[in-house]
Amino acid sequence: MIIDVHAHIYPDKIAAKAVRSIGEFYQWSHMEMDGTVEGLLASSKEAGIDLSIVHSAAVSPARVQSVNDFIAATVAAHPDRLLGFGSMHPDYPDIEAELDRMMQLGLRGIKLHPDTQQFLFDSPASVKMLEAMEERRLPVLIHTGDTRYPFSNPERVARALDHVPNLVAICAHLGGWSMWGNGWKILAGREDVYVDCSSSLYAITPEEAVKVIHRYGARRVFFGTDHPMWNPVGEIARFNALPLTEEEREMILHKNIEKLLNL
């Protein structure tokens, strides 16, 4: 069993534009996938991935509802292959009502990308939003870290989480994209903090990756591809190259997220 906790998808009519925008944002000229639902389903099947948690960050408050509708409808069309996380923005006018609607739609958590959504993760508005998520026991997948921007660095994420100690936070990219050696120093050891290994294994050696995983503890790490940046087939190969025990491998590939989401 393999579960991918970090896969972005887009409607067919905007997928090409979205993928170009992601590549420009990260100054990455070679995006490996096209961002479509069918592209994810096909590549995940080839990679042996059984279930993908899909999402898309609403870059403005006005897009929150349409993003959530798209994710919910897509998951409903592929219930055996996809599970959905919704999106939210701290400037959305009625956060609590939309969170309740997300839950009614069957969405199981929230994806936030402070860097592309342009908000400081520890701002008062963000903390208020997180409090509403904590109250509803919704796990939050957070893009964490970027040396170019101040929005989501591990220190800022930690300060925000101090205000919502019971929020289940999944800090993407081993807790600090482009700062993999430092994120764990700030985030590891927190009771409800988990990480995924998406968009990380391409940049650090297998040995370095395992050291970071062990800093958090293998029970707090999930597998993720960050589709469409990476082809799931290649990400599985990178993961399989990690010098982990078979027990650790099984936990990261599916057991940890199954336990967290009661799958």
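Me: How many nonpolar residues does the lining of the largest pocket have, by class?
Reply: In this predicted model, the lining of the largest pocket can be divided by class, with 10 residues counted as polar and 4 as charged. The remaining class in that lining, the nonpolar one, has 15 residues.

Me: Which helix gives the most to the lining of the largest pocket?
Reply: The largest pocket has a volume of about 740 Å³, and of the 29 residues that line it, the closest to its centre are Tyr-10, Ala-18, Ser-56, Ala-57 and Val-59. At least two lining residues come from each of β1, α1 (12-25) and α3. The element that gives the most, with 6 residues, is α1.

Me: Are the residues of strand β2 on its two faces buried or exposed?
Reply: In a regular strand the side chains alternate between the two faces of the sheet. In β2, one side carries Leu-51, Ile-53 and His-55, while Ser-52 and Val-54 lie on the other. Both faces are covered, and these residues are all buried.

Me: In which sense do β2 and strand β3 pair?
Reply: Strand β2 covers residues 51-55, and β3 covers residues 82-84. Between these two strands there are 3 bridges, and Ser-52 stands opposite Leu-82 in β3. The sense of this pairing is parallel.

Me: What is the handedness of the β-α-β crossover from β2 to β3?
Reply: Ser-52 of β2 stands opposite Leu-82 in β3. Leaving β2, the chain passes through helix α3, residues 64-77, before it reaches β3, and this crossover is right-handed.

Definitions and conventions:
Residues are numbered from 1 along each chain as its sequence is written. This is a predicted model: local features need pLDDT of at least 70, side-chain atom pairs count only at pLDDT 80 or more; totals for chains, interfaces and linings use all residues. Side-chain values use heavy atoms; hydrogens and water are left out. Buried means under 20% relative accessible area, exposed over 50%, partly exposed in between (1.4 Å probe, protein chains only). Helices (H or I, at least four residues) and strands (E, at least two) are DSSP runs, numbered from the N terminus. Two strands pair if DSSP finds at least two bridges between them. A crossover is right-handed if, with the strands pointing away from the viewer, the path from the first strand over the helix to the second runs clockwise. On a 1 Å grid over the protein atoms alone, a cavity is a set of points where a 1.4 Å probe fits but cannot get out, and a pocket is an open set with protein on both sides within 12 Å along at least five of seven lines; lining residues have an atom within 4 Å of a point. Grid points are joined across faces, edges and corners, and a volume is the space filled by probe spheres set on the points. Ala, Val, Leu, Ile, Met, Phe, Trp, Tyr, Cys and Pro count as nonpolar, Asp, Glu, Lys and Arg as charged, and the others, Gly among them, as polar.
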